[in-house]
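Please read this briefing alongside the sequence and the model. It takes up an annotated region, a strand with its partners, the nonpolar cores and a loop residue, in that order.

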Amino acid sequence: MFIKNRREPMELLILRLLNARMSLNASQQQQYLNLKKGHEGEIKFDLLLANLHSKFLILNDLLLESNNTIYQIDSVIITQDALIPCEVKNYEGNYYYKDGNFYTCTTEKEITNPLHQLNRMETLLRHFLQKHGFNLSVKGYLTFVNPEFFLYNAPQNEKMIFPPQLNQFVKNLNMKPSKLNGWHQKLADQLIKAHISESPYTRLPAYHYDQLQKGIICVACQSFILTVDERRVVCDQCGHWEHTQEAIIRSVEEFKLLFPDKKVTTNGIYDWCQLVESKKMIRRILRQNYQAIGYGQWSYYE
C-alpha cells in the first residue's frame, strides 16, 4: 500500500518549462534529460510495486538527513521485520563491471557506482532507525528497470535486481510473511515527518521573464502552435485539445512556478498567454479559480 506517493521533482518541472520556452545549453539539456529519464524509471518501478499485497507499506521519494548528511531514497518498503530501500536506475544500453566499478561500453568511462550509493543509503538509514528507536533490519536493492540495459561481467551480488528479475522480486516479496501493526505505521509517519520537502541540491539555470517565449504550451507535445477560442485550445501540430479555461489555469500555474515572486494579474497573464484575445475572459477565469486581492488596477490573485 502506497502511503507516500511520488511527485515529479520541482527541478524537473521547471526545467521542462524552460526547455520549451528558452534555449538550454548542452549541460542544462543533459541535466533535464537525465532527470526526465530517472523519473520515468521510478514511475516504472511504482507500477511494479503496485502488484505488492497491502500487507506492506511503501513510501516513495524520501529525502532524509542522518549524521549531517542528506540522502534520497527512491522507494522504501516496510515489512514486518525489515526495511527495504530501493535505489532505482533507468540505465539504457551496455555497461560492464570491472574491479568493483561500472563503465559504459560505448565510451569506456567510469560512472558513479550505484552500489556505493545503495550501501551509503543503507548505513544512513540504519542510523536514522537507531536514532528514533526503531529496531528493524535494513536490506536494500539496486533495481535496474530498463529492459534495454545490460551489464557485462555482472557480479553475483544479491543486492542487484536486473530487468528480467523484477517480476520475481515482487513475487518473492508477496510470499514473505508480514503482519504490520501500529508500530510500523508509526515508523512510516516518522519517515514522512522527517522528509525534507525542498532539496538543497536543486540546480537551475538563470532566467528572466523577457528571455522566455510567451504563449500557451501544448500539454502533449510542448508546441506553441495552437488555435484558441473561447471554448477550446487545439494544437495545430499534434491535434491535442483541452478546454480553454483548463489551458489558462495550467498556464497560470506554470507562471507561478517559474516566477513565485511575481504577482498574478489580469494583464500579466494576458501577456503570458499571448493567444487569448479577451482580457475579460482571463479576468473571469482568475476570479473563478483564485482569490482576488485588492481592487481595480492594483488587484492580483492568489
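Over residues 37-148 of this predicted model, the chain is 28% helix and 41% strand, and the C-alpha atoms at the two ends of that stretch lie 13 Å apart. These are the residues at which UniProt, in an unreviewed entry, places the feature "domain: NERD".

**Strand 9 and its partners**

- Strand 9, which spans residues 141-144, is covered on both faces, with Tyr141 and Thr143 buried on one side and Leu142 and Phe144 buried on the other.
- In a regular strand the side chains alternate between the two faces of the sheet.
- Strand 4 (residues 82-89) pairs with strand 9 in the parallel sense over four bridges, and within this pairing lysine 89 has phenylalanine 144 of strand 9 as its bridge partner.
- Strand 11 (residues 160-161) also runs parallel to strand 9, to which it is joined by two bridges, and here threonine 143 stands opposite isoleucine 161 of strand 11.

**Nonpolar cores**

- The largest nonpolar core comprises 32 residues, of which Leu125 and Leu191 touch the most other members.
- At least two residues of this core come from each of strand 2 (57-66), strand 3 (69-78), strand 5 (93-98), helix 3 (114-131), strand 9, strand 10 (149-152) and helix 5 (182-194), and helix 3 supplies the largest share, with seven residues.
- If neighbours within four places in sequence are left aside, leucine 191 is in contact with Leu59, Leu62, Leu64, Ile78, Leu125 and Phe128.
- Another core, of 29 residues, lies apart from the largest one, and its members include Leu17, Tyr209, Cys235 and Val252.

**Isoleucine 217**

- Isoleucine 217 is found in the loop that lies between helix 5 and strand 12 (226-228).
- Because its relative accessible area is 1%, against a cut-off of under 20%, isoleucine 217 counts as buried despite being placed in a loop.
- Not counting residues up to four places away in sequence, isoleucine 217 touches Ala20, Arg21, Gln222, Ser223, Phe224, Leu226, Arg250 and Glu254.
- Isoleucine 217 and alanine 247 are 30 residues apart in sequence, while the distance between them in space, taken from C-alpha to C-alpha, is 8.4 Å.

Key: Residues are numbered from 1 along each chain as its sequence is written. This is a predicted model: local features need pLDDT of at least 70, side-chain atom pairs count only at pLDDT 80 or more; totals for chains, interfaces and linings use all residues. Side-chain values use heavy atoms; hydrogens and water are left out. Buried means under 20% relative accessible area, exposed over 50%, partly exposed in between (1.4 Å probe, protein chains only). Two strands pair if DSSP finds at least two bridges between them. UniProt positions are given in the numbering used here, feature names are shortened, and annotations may be inferred rather than shown by experiment. A nonpolar core is a set of buried Ala, Val, Leu, Ile, Met, Phe, Trp, Tyr and Cys residues joined through side-chain atoms within 4.5 Å. Contact means heavy atoms within 4.5 Å.
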